[in-house]
Amino acid sequence: MTDSAASQHRQSQPFLSLHKPTPIDGSFAGKHIVTVDQFSKADLRALFDVVFRFREGVRAGDRSLIELCATHVMASLFYEASTRTDMSFQAAMRRLGGRVIAASNGVQFSSVYKGEDLADSIRAAACYADVIVLRHPEVGSSYQAAWYLDQLGEQLGHRTLVISGGDGVGEHPTQALLDMFTIVDLKGGTSGKMITMVGDLKHGRTVHSLAKLIGRLEPKDCTLALVSPDMLQMPDYIVEYLRQRNIALVQTDTLADVLPDSDVVYWTRVQEERFDNRADYEAIRDAFVMTPDVLASAKPDMILMHPLPRKNEMGDAAQRDALDRDPRAAYFKQMENGMFVRMAILAAVLGTVKP
Ligand code: NCD
């Protein structure tokens with residue numbers, strides 16, 4: 001399958017061909033962030049050095065951090081629900097001394113309510129901010145934004161950047177960066193490891209980006225296990241991407257096949273809002289539920305990750321409580337790392353720190 005799932009995917013998503021993402025290639029300043037495809041292993045290493053530094057700095061109350069983006073403004077433009085991505089970007093910008101703007105009553109009561117299209121809302125944010133964080137239900141919306149921002153930049157004489165905060169069932173690149181940072185932080189990286197992704201691999205943009213990012217790093221002796229019901233399998237274009245990069249893949253609908261050998265287990269929510277048919281969702285929503293009993297067969301030194309939010313896929317309140325107290329639960333650390341990673345991304349693309 002070389003003419004290929006990936007190009008079919010691009011053709012079926014018109015926005016993806018609008019903007020050609022720029023590889024970071026050692027230089028973050030002035031780059032839109034729309035996909036993990038922009039990052040090399042060296043870029044990641046350099047970025048993570050900054051993340052470690054910022055994390056220490058925040059914890060030590062280092063006041064010099066608030067100089068870094070003191071003259072910058074970030075616009076937060078969220079067309080889909082968000083808690084962590086939105087708040088961690090806002091907190092990140094503020095911890096760097098920057099300001100944050102957003103439509104006062106949420107994007108649904110901005111001119112979007114009057115029927116304004118994405119391009120014009122993006123242009124408006126671009127007139128007031130240096131960087132826009134965009135979450136939108138359409139795949140490739142951040143590519144579209146980047147394209148419009150580049151056009152507008154020529155007219156205005158300054159270019160505003162976009163960072164994707166998740167585009168529909170497409171990608172969530174900064175989530176993958178924080179997920180990978182957490183894996184490096186807690187497990188020393190992906191080489192020699194079995195990473196297991198479980199749940200809604202079809203609609204989950206976090207697993208799309210993380211799987212691709214693992215592929216890009218071409219880790220040695222890494223196995224990626226993809227566990228899902230048949231209906232919710234990882235899209236072909238990503239499976240192909242991984243095959244081309246020689247990642248050992250296991251695809252199964254039986255968690256017990258891989259759980260005892262897994263070093264990282266990445267649990268996900270069934271993405272209820274992406275189903276056309278409610279009955280399909282109901283049929284599948286309890287396919288994989290993580291509970292203390294399930295975790296009992298995992299390695300003692302593995303980590304359990306989850307991008308959150310979580311619902312029934314982590315059991316009832318008592319089961320969650322027990323999971324949260326298990327030392328292998330890494331999802332709260334992962335959530336906290338999100339802010340430090342986003343601080344590093346913001347400062348890097350705004351050019352106030354050089355990874
Ligand atoms: C995820 C998302 O929005 O894709 N959440 C997040 O950004 N941390 C995962 C999800 O909604 O299930």
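Domain bounds here come from an automatic or database domain assignment.

**View 1. The two domains of the predicted model.** The assignment gives domain 1 as 22-171 + 336-349 and domain 2 as 173-335. Taken over C-alpha atoms, their centres are 25 Å apart. Where they meet (contact means heavy atoms within 4.5 Å), domain 1 contributes 32 residues and domain 2 contributes 30.

**View 2. The shell around the ligand.** Residues with a heavy atom within 4 Å of the ligand include T85, R135, H172 and Q175. By class, the shell holds three nonpolar, five polar and three charged residues; Pro and Leu count as nonpolar, Arg as charged, and Thr, His and Gln as polar.

**View 3. Polar contacts of the ligand.** Look here for N or O pairs within 3.5 Å. A polar side-chain atom of R269 lies 2.8 Å from a ligand oxygen. Ligand nitrogen is also met by backbone: a N or O atom of P307 lies at 3.0 Å, and a polar atom of L308 at 3.0 Å. The protein covers 93% of the 320 Å² of accessible area that the ligand has on its own (Shrake-Rupley method, 1.4 Å probe).

**Notes.** Numbering starts from 1 along each chain as its sequence is written, and side-chain values use heavy atoms, without hydrogens and water. In this predicted model, local features need pLDDT of at least 70 and side-chain atom pairs 80 or more, while totals for chains, interfaces and linings use all residues.

Methods: Polar contact = N/O pair within 3.5 Å; in protein donor to acceptor, adjacent residues only side chain to side chain.
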